[in-house]
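Here are a few exercises to help you find your way around a new structure. Try each task yourself, then follow the solution step by step.

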Amino acid sequence: NWVYRHFPLEFHNPGAQKEAEASECAAELGENKAFWEYADRIYKNTRSNGEGFPISKLVPLAVDIGLDEKPFTKCLESGRHAARVQADFDNGAQSGVSGTPGNILLNNKTGKARFAPGAHPVATLRAEIDRLLKR
């Protein structure tokens with residue numbers, strides 16, 4: 001299984017929190033496909049050096065991927081996904097995640113887990129998964 005969790009780091013806020021909430025609004029209005037298109041575009045267009053992705057562009061991005069502006073704006077302004085984002089963050093922190101990306105590889109049959117913090121090439125993660133699957 002592969003599971004995505006929000007982990008908006010404090011030094012990226014308030015932007016990271018609102019971006020996570022916005023991606024959940026995209027999912028609410030356009031389902032899984034819209035979530036991934038929205039999240040991928042945020043990552044693609046985020047600048048470094050504290051520039052991030054401007055909160056003012058969250059609604060226009062939703063419109064760009066085909067979502068209706070008014071319901072998206074209402075969702076984002078309501079804050080109804082804030083608790084979900086916070087729960088993801090809390091769960092990650094309790095699991096030992098302290099930065100992004102944080103990868104927890106779990107063998108669903110044995111319960112054995114490996115923590116792989118940081119960015120890794122796919123081949124490295126595959127090798128770790130193969131080790132977990134060996135009995």
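**Exercise 1. Find out how many residues the largest nonpolar core has, and which elements build it.**

*Solution.* Keep in mind that this is a predicted model.

Step 1. Count the members: the largest nonpolar core holds 16 residues, and Tyr-38, Leu-58, Leu-67, Phe-72 and Leu-76 have the most contacts inside it.

Step 2. Turn to the elements. Those that give two or more residues to this core are α1, α2 (58–64) and α3. With six residues, α1 gives the most.

Step 3. Zoom in on one member. Leaving aside residues up to four places away in sequence, Leu-58 touches Lys-18, Glu-19, Ala-22, Tyr-38, Ile-42, Phe-53, Phe-72 and Leu-76.

Step 4. Recall a general tendency: in soluble globular proteins, nonpolar side chains tend to be buried together.

**Exercise 2. Work out where the buried residues of α3 lie around the helix axis.**

*Solution.*

Step 1. List the buried residues of α3: they are Phe-72, Thr-73, Cys-75 and Leu-76.

Step 2. Look at their directions. These residues cover an arc of only 160 degrees around the axis, which puts them on the same side of α3.

Step 3. Now check the other side of α3, where Lys-70, Lys-74 and Glu-77 are exposed.

Step 4. Ask what lies over the buried residues of α3: the cover includes α1 and α2.

Step 5. Finish at the residue that follows α3, Gly-79, whose phi is positive, near 75 degrees.

**Exercise 3. Find the disulfide and say which parts of the chain the pair ties together.**

*Solution.*

Step 1. Search the whole structure: there is one disulfide. Its partners are Cys-25 and Cys-75, with their sulfur atoms 2.1 Å apart.

Step 2. Place the partners. Cys-25 belongs to helix α1 and Cys-75 to helix α3, so the pair ties together parts that are 50 residues apart in sequence.

Step 3. Find the handedness. The torsion about the S-S bond of Cys-25 and Cys-75 is about -85 degrees, so this disulfide is left-handed.

Step 4. Are the two cysteines buried or exposed? Both Cys-25 and Cys-75 are buried.

**Exercise 4. Take three of the salt bridges and place their partners in the structure.**

*Solution.*

Step 1. Begin with the total: a search of the whole structure finds seven salt bridges.

Step 2. Start with a pair inside one helix. Glu-21 and Lys-18 meet through their side chains at 3.1 Å, N to O. Both lie in helix α1 (residues 15–45), three residues apart, about one turn of the helix. Glu-21 is buried, with a relative accessible area of 5%, while Lys-18 is partly exposed at 23%.

Step 3. Go on to a pair that joins two helices. The closest N and O atoms of Glu-24 and Arg-84 are 3.1 Å apart in their salt bridge. Glu-24 sits in helix α1 and Arg-84 in helix α4 (residues 82–94), so the pair ties together parts that are 60 residues apart in sequence. Glu-24 is buried at 9% relative accessible area, and Arg-84 is partly exposed at 36%.

Step 4. Add a pair that reaches a loop. Glu-28 and Arg-80 form a salt bridge at 2.6 Å, N to O. Glu-28 is in helix α1 and Arg-80 in the loop between α3 (69–78) and α4, 52 residues apart.

Step 5. Look for shared partners: salt bridges join Glu-24, Arg-84 and Asp-88 into one network.

How values were computed: Residues numbered from 1 in each chain as written. Predicted model: local features only at pLDDT ≥ 70, side-chain atom pairs only at ≥ 80, totals over all residues. Heavy atoms only, no water. Salt bridge = Lys/Arg side-chain N within 4 Å of Asp/Glu carboxyl O. Helix = DSSP H or I, 4+ residues; strand = E, 2+ residues; numbered from the N terminus. Buried < 20%, exposed > 50% of the residue type's maximum accessible area, 1.4 Å probe, protein only. Core = buried A, V, L, I, M, F, W, Y, C linked by side-chain atoms within 4.5 Å. Contact = heavy atoms within 4.5 Å. Disulfide = S-S within 2.5 Å. Arc of directions from axis to C-beta.
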